[in-house]
Amino acid sequence: MARMGAGVVGAAARGMGVNLDVGSVVGKVTGAQKTAVDISNSAYIEGSTGPAGQRQDPAKIIAEARAVADATGTDTNAALDGLQKFVAKTSDLQTGRAILGDMARLAKVTGSGLDDMVDAAGDVSKQLGDIPGNAEKTAAVMRVIAMQGKLGSVEVKDLSTQMAKVASNSGFVAGGQEKALIELGALAQTAKGTGGAASANQAATSTASFGSDIMSKAGQKALAQGKVNIWSDPGRTQMKPIREIVKEMISSSGGDMAKVSALLPGKQSGRALRGMVKIHNDAERIEKGSGIAAVDKEFDRLSKTLSKDEITKSLAVAMNTTESKVQVFNNALERVAEDSLPKLVPALEKLAPVAVQLASALGDVVGFAAENPAKAVVAAIGVSFAKQ
């Protein structure tokens with residue numbers, strides 16, 4: 001009865017996701033240690049000033065990742081994987097560590113993968129560049145991107161993996177890169193919503209193509225013929241804000257999608273504007289002259305941020321699920337295993353010579369049996385009779 005009860009409890013625990021496999025737990029701990037060491041090595045730049053010139057302690061990196069994982073009911077290894085992707089893109093471990101908690105909360109309340117969310121934040125941070133307050137500005141942009149996922153047609157868990165494409169042309173836009181990233185995100189949302197893009201990947205590709213096409217020679221020629229000026233200065237060093245370019249292209253074409261497409265040499269680019277053109281034309285049918293205001297309204301709607309208060313409330317709900325509670329328990333098991341490894345490894349080192357001798361002896365036995373099968377059978381029968 002006791003064994004049956006223990007079996008039922010164990011089966012239920014495994015069904016809920018409790019990791020009762022000691023080997024698996026130890027494997028996750030050793031994997032976390034390796035990832036933390038890799039992060040520390042990747043972020044260290046010999047001779048550099050500031051944090052990059054100081055080798056970071058892998059144990060502290062793990063401890064921070066575990067604290068974030070416990071606070072958000074997520075996997076420690078996923079946090080470390082995301083941080084590793086962030087460092088690979090930016091070489092900026094300090095910023096990655098600073099935003100890890102914020103990205104974990106965003107991932108939890110949007111149902112996204114933490115590693116994907118931190119990976120996307122890496123694309124945003126890299127586009128913003130080495131500026132004061134990069135961590136805060138990156139987190140602020142990601143909160144808007146997360147809100148766009150709630151309001152638009154592309155969930156942030158899907159868009160997060162496509163952020164590099166969406167952000168690719170933000171550095172050439174006037175008005176600040178944060179604004180450019182948000183407005184490019186809005187275009188990606190409408191491309192999927194009403195623009196004909198079938199997936200997040202297609203929406204992001206269309207948005208990236210739009211930015212590339214309007215800066216290309218063919219695009220510049222087509223825009224000039226359509227009397228559209230996308231530049232904010234005579235020297236053509238920066239484009240106007242994305243919203244203004246979109247409105248100017250729609251106005252110059254009168255909302256005619258064929259004419260808009262003629263301003264864009266690539267086939268993909270049209271999807272990036274098709275959604276906004278539809279919004280314009282729908283408004284015009286209701287009230288003449290209201291189309292551009294409707295486009296402005298859509299950009300405003302998709303520029304709202306996910307407030308910290310909403311994140312806190314949504315996180316509390318998410319943390320009350322069985323899945324989150326079990327993950328926190330699994331994290332605790334990994335911490336116990338991590339604390340035990342310093343004692344286990346020396347013991348294994350002491351056993352190594354004995355294990356080698358046993359393996360060697362076993363090899364001799366197997367070799368004898370393979371070379372002398374008849375003698376091996378007789379010996380086995382003899383052992384059997386001796387037992388009886």
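## Ser40 and its surroundings

Let us start with Ser40, which counts as buried because its relative accessible area is 2%, under the 20% cut-off for that class. This serine belongs to helix H2, which covers residues 22-43. The model is a predicted one, so every value here is computed from its atoms.

What does the side chain of Ser40 reach at 2.5 Å? Its partner is the backbone oxygen of Gln56. Setting aside residues up to four places away in sequence, Ser40 touches Gln56 along with Arg55, Pro58 and Ile61. Two of these names come back below: Arg55 beside a tyrosine ring, and Ile61 in a helix of its own.

## Arg55 over a ring

Follow Arg55 from Ser40, which it touches, and you come to Tyr44. Arg55 lies over the face of Tyr44, with 4.2 Å to the ring centre. As for rings paired with one another, the count of aromatic pairs is 0.

## Ile61 in helix H3

Ile61 sits in helix H3, made up of residues 58-72. Is Ile61 buried or exposed? It is buried, because its relative accessibility is 1%, and the limit for buried is under 20%.

Beyond its neighbours within four places in sequence, Ile61 is in contact with Ala36, Ile39, Ser40, Gln56, Leu80, Leu83, Leu93 and Arg97. Take Arg97 from that list: it is 36 residues from Ile61 along the chain, yet their C-alpha atoms are separated by 8.1 Å.

## Gly96 and the loop before H5

Gly96 is part of helix H5, residues 93-110. Its relative accessible area is 0%, and therefore Gly96 is buried. Not counting residues up to four places away in sequence, it touches Leu83 and Phe86. Leu83 is also a contact of Ile61. From Gly96 to Ala121 there are 25 residues in sequence, and 8.6 Å in space from C-alpha to C-alpha.

In the loop between helix H4 (76-90) and H5 you will find Ser91. With a relative accessible area of 39%, Ser91 is partly exposed.

## Two positive phi angles

Most residues other than glycine have a negative phi. Ser91 is not a glycine, yet its phi is positive, at about 60°. Arg236 also has a positive phi without being a glycine, here of about 55°. Where along the chain is Arg236? Look in the loop between helix H12 (217-225) and helix H13 (242-253).

## The nonpolar core

In soluble globular proteins, nonpolar side chains tend to be buried together. In this model, the largest nonpolar core has 74 residues. Met103, Phe210, Val246 and Met249 are the residues with the most contacts inside that core.

Met249 makes a good place to look around. Apart from neighbours within four places in sequence, its contacts are Phe210, Leu223, Val228, Val260, Leu263, Leu264 and Leu273. Phe210 therefore appears twice, as a contact of Met249 and among the residues with the most contacts in a core of buried residues.

## The whole chain

Now step back to the full protein chain. It contains 19 helices and 0 strands. Of its 388 residues, 41% are buried.

How are contacts spread along the sequence? Among contacts between residues at least 6 apart, 67% join residues at least 24 apart. The accessible surface of the chain is about 19,600 Å², and carbon and sulfur atoms account for 58% of that area.

Terms used. Residues numbered from 1 in each chain as written. Predicted model: local features only at pLDDT ≥ 70, side-chain atom pairs only at ≥ 80, totals over all residues. Heavy atoms only, no water. Core = buried A, V, L, I, M, F, W, Y, C linked by side-chain atoms within 4.5 Å. Buried < 20%, exposed > 50% of the residue type's maximum accessible area, 1.4 Å probe, protein only. Contact = heavy atoms within 4.5 Å. Phe/Tyr/Trp six-rings, centres within 6.5 Å; stacked < 30°, edge-to-face > 60°. Lys NZ or Arg CZ within 6 Å of the ring centre and 35° of its normal. Helix = DSSP H or I, 4+ residues; strand = E, 2+ residues; numbered from the N terminus. Areas by Shrake-Rupley, 256 points an atom, 1.4 Å probe, with all protein chains shown as cover. Polar contact = N/O pair within 3.5 Å; in protein donor to acceptor, adjacent residues only side chain to side chain.
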